[in-house]
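Biologist: Please take a close look at one part of this model for me. I would like to hear about the place where the two chains meet, and then whatever helps to set it in context.

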Number of protein chains: 2
Amino acid sequence: MGNEWDRVKDCLDSTFVSSVGKYVDRFEVMLAEYTGAKYAVAVVNGTAALHIALFLAGVRPGDEVLIPALSFVATANAVSHCEAIPHFIESQFETLGIDPHALNDYLKHCSLSSSEGLTNRLTGRRIAAVVPMHTYGHPVEMGSLLDVADRYHLPVVEDAAESLGSCYRGQHTGTFGQLGTLSFNGNKVITTGGGGAILTNDAKLAQQAKHLTTTAKQPHRWGFFHDAVAWNYRLPNLNAALGCAQMEQLSSLLNRKRLLAQKYQEVLQDVEGIGFVVEPANSQSNYWLNTLRLEQPSLSIRDRLLTAANDGGYQCRPTWTLLHKLPMYADCPRAPLPVAERLEASLINVPSSAKLAGNMK
Amino acid sequence: MGNEWDRVKDCLDSTFVSSVGKYVDRFEVMLAEYTGAKYAVAVVNGTAALHIALFLAGVRPGDEVLIPALSFVATANAVSHCEAIPHFIESQFETLGIDPHALNDYLKHCSLSSSEGLTNRLTGRRIAAVVPMHTYGHPVEMGSLLDVADRYHLPVVEDAAESLGSCYRGQHTGTFGQLGTLSFNGNKVITTGGGGAILTNDAKLAQQAKHLTTTAKQPHRWGFFHDAVAWNYRLPNLNAALGCAQMEQLSSLLNRKRLLAQKYQEVLQDVEGIGFVVEPANSQSNYWLNTLRLEQPSLSIRDRLLTAANDGGYQCRPTWTLLHKLPMYADCPRAPLPVAERLEASLINVPSSAKLAGNMK
């Protein structure tokens with residue numbers, strides 16, 4: 001706990017807890033400075049951030065958007081909120097994120113490039129964007145991913161909801177694509193209660209992101225004129241005040257999370273049959289969640305372990321149910337997913353709060 | 001200022017500022033008790049509340065939804081977020097809300113009833129719901145409105161964003177329709193920074209509202225299984241903590257607002273050419289905003305007055321630009337709107353904060 005009380009109390013005392021007030025601006029500046037993005041636009045949560053980022057990247061009703069089958073459901077929901085269709089792609093064993101090499105091979109035979117853009121040969125629908133998601137804070141192999149996106153003229157929108165503090169080749173995640181998004185939900189590295197942000201280096205996209213997330217109201221001394229169908233996705237000033245205090249603590253939180261991950265790694269190195277997910281090559285992970293791997297993937301063994309751990313009071317969790325196994329996304333197009341299936345049957349998240357590193361050396 | 005800081009500090013100290021914690025439950029109970037609705041589901045803002053309420057009332061892509069042309073843009077945006085089309089209807093001079101009598105006459109010639117429901121004769125689209133909005137806190141003539149809705153088998157979703165504390169025939173606004181919605185944006189009677197709620201007396205709709213606004217995750221000790229395309233519209237616990245403290249003050253805030261309205265009425269009664277909007281018959285208004293009427297409607301005189309007032313440091317505002325005059329809603333179907341046009345050219349909102357009644361007797 002740092003300056004959370006002071007910042008939030010100052011915000012309450014100012015009585016500007018809502019859509020007007022200094023903390024939203026300050027929080028956006030802090031996020032831009034920290035990530036190295038030119039612009040950060042604070043919004044109400046990570047799902048809202050991804051929804052608007054996809055819209056600004058040109059995703060339109062009936063389009064397909066390439067997203068990993070292994071992700072939190074919000075990644076797919078944000079695509080649905082654009083009235084578009086998720087198209088599930090394969091994961092990489094080391095990074096837990098999109099496998100750019102598998103993606104390249106897959107697009108070679110499943111897609112068609114034309115002046116209209118990229119089309120899915122099977123469905124005839126336009127493929128409008130690709131969304132690398134940095135799973136549990138571990139960066140996707142962005143170098144190769146950007147090459148593939150370039151080759152197929154695909155806009156990249158990074159879902160960096162889990163990776164504040166994670167870098168690939170020294171560059172912060174969420175700043176490689178045309179747009180990137182962050183989340184500050186309660187379970188994230190830092191929290192604003194609920195909140196998110198859109199990152200971009202493009203001044204026009206940043207201006208549009210702000211406009212569309214604040215009811216598209218044209219500036220006027222008194223008039224109410226709105227020029228587009230838009231959203232009320234503004235982050236309240238109260239939540240931004242908490243975010244500012246949390247940002248002040250980010251590097252200390254990240255240090256403690258890294259220490260905890262090192263401890264897990266040490267403790268687990270001699271345990272037979274169980275591995276530990278470490279940050280990928282060329283990357284620095286925030287180790288948002290610490291993750292074990294069963295060396296022999298098995299959903300039934302995984303579930304027995306989860307039962308035992310939770311019975312014993314240890315909050316262990318599986319990874320997400322693969323998105324194409326959820327009823328509302330069962331009929332969406334998908335690539336072959338052998339690695340994603342293997343990851344689903346082998347990953348177990350273990351308690352990861354920075355507080356657990358309290359007394360560690 | 002009452003217990004705002006105590007509640008928010010308690011929430012920060014608990015570290016449960018986000019999606020888990022006691023304040024969301026407590027705030028929902030307080031809202032249900034106060035309004036007399038059986039259930040209240042807290043969400044991230046009023047637009048989100050209306051979006052989900054419309055969805056739960058059965059509004060589907062391509063449907064039309066009857067809403068007043070005189071409303072904040074969020075009413076129309078929530079319809080758009082359901083991929084439905086706003087259909088603008090006429091206002092009543094006294095209430096500033098939907099005119100049920102004009103609506104009845106309009107539906108007689110513009111709609112067709114069949115076993116499929118109500119259809120717009122001109123567009124062939126289904127008319128899926130009607131949304132009375134209680135303008136500036138003044139209740140719509142709900143008795144007649146419910147009669148019309150009954151006659152045409154139209155679900156009623158009340159937009160009570162502005163009318164917390166307002167009653168019609170002793171019953172709280174937002175509790176007459178199948179569903180109703182509230183807003184706690186910074187400019188409202190009470191605020192949570194940003195927030196809203198869905199009201200209903202139907203247990204199943206309440207359960208669905210909670211489910212769909214919290215990613216449709218099925219309860220499970222550890223599993224991640226979601227059973228519908230859904231939204232992240234949950235109100236953070238931090239904002240609910242502020243809401244609880246604000247609810248404790250609601251009756252005092254309403255008293256002060258009523259006092260301020262009485263003063264405006266007294267002062268204005270002898271001013272020639274200018275009237276004051278008073279609560280409609282059979283209603284108690286929260287007087288969220290105090291509103292003057294030019295007796296001779298004129299956009300140009302209105303704007304001259306607004307310029308002068310704002311130049312002098314008085315934050316006076318016009319009513320909203322009628323929704324069909326906004327570019328994105330210009331092509332939507334609409335009834336004849338002579339009264340709405342007249343209201344647009346004659347209403348001026350004057351400073352209305354409860355604080356202004358501080359020293360009044």
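Modeller: I start with the contact between the chains, then turn to chain A.

This is a predicted model: local features need pLDDT of at least 70, side-chain atom pairs count only at pLDDT 80 or more, and totals for chains, interfaces and linings use all residues. Residues are numbered from 1 along each chain as its sequence is written, chains are lettered from A and ligands numbered from 1 in the order in which they are written, and side-chain values use heavy atoms, with hydrogens and water left out.

The contact (heavy atoms within 4.5 Å) draws on 61 residues of chain B and 60 residues of chain A. The size of an interface is often given as the accessible area lost when the parts come together. Here chain B and chain A bury about 4,800 Å² between them. Buried area is the accessible area (1.4 Å probe) that two parts lose on being put together, summed over both. Carbon and sulfur atoms carry 66% of it. On the chain B side, B:Trp5, B:Trp222 and B:Phe224 lose the most area to chain A. Together they make up 15% of what that side buries.

Now the polar side. Two salt bridges are counted between chain B and chain A. A salt bridge is a side-chain nitrogen of Lys or Arg within 4 Å of a carboxyl oxygen of Asp or Glu. A:Arg221 and B:Asp311 meet in a salt bridge through their side chains, at 2.7 Å from N to O. There are also 14 residue pairs in polar contact between chain B and chain A, both residues at pLDDT 80 or more. A polar contact is a pair of N or O atoms within 3.5 Å; within protein, one must be able to donate a hydrogen and the other to accept it, and residues adjacent in sequence count only if both atoms are side-chain atoms.

Several elements of chain B give two or more residues to the side that touches chain A, among them helix H1 (4-14), helix H8 (237-248) and helix H10 (299-311). Helices (H or I, at least four residues) and strands (E, at least two) are DSSP runs, numbered from the N terminus. H1(B) gives the largest share of that side, six residues.

Next, the inside of chain A. Its domain assignment, automatic or from a database, gives domain 1 (4-247) and domain 2 (251-357). Their C-alpha centres lie 23 Å apart. In contact are 45 residues of domain 1 of chain A and 39 residues of domain 2 of chain A. The two domains of chain A bury about 3,500 Å² between them, 65% of it on carbon and sulfur atoms. In domain 1 of chain A, A:Phe88, A:Phe93 and A:Tyr136 lose the most area to domain 2, together 23% of what that side buries. The rule finds zero salt bridges across this interface of chain A. It does find 21 residue pairs in polar contact there, both residues at pLDDT 80 or more. Strand S3 (85-89) of chain A is one of the elements that supply at least two residues of the domain 1 side. S3(A) gives the most to that side, with five residues.

One last pair lies within chain A. The side chains of A:Lys22 and A:Asp10 meet in a salt bridge at 3.1 Å, N to O. A:Lys22 lies in helix H2 (residues 22-35) and A:Asp10 in helix H1 (residues 4-14) of chain A, so the pair ties together parts that are 12 residues apart in sequence.
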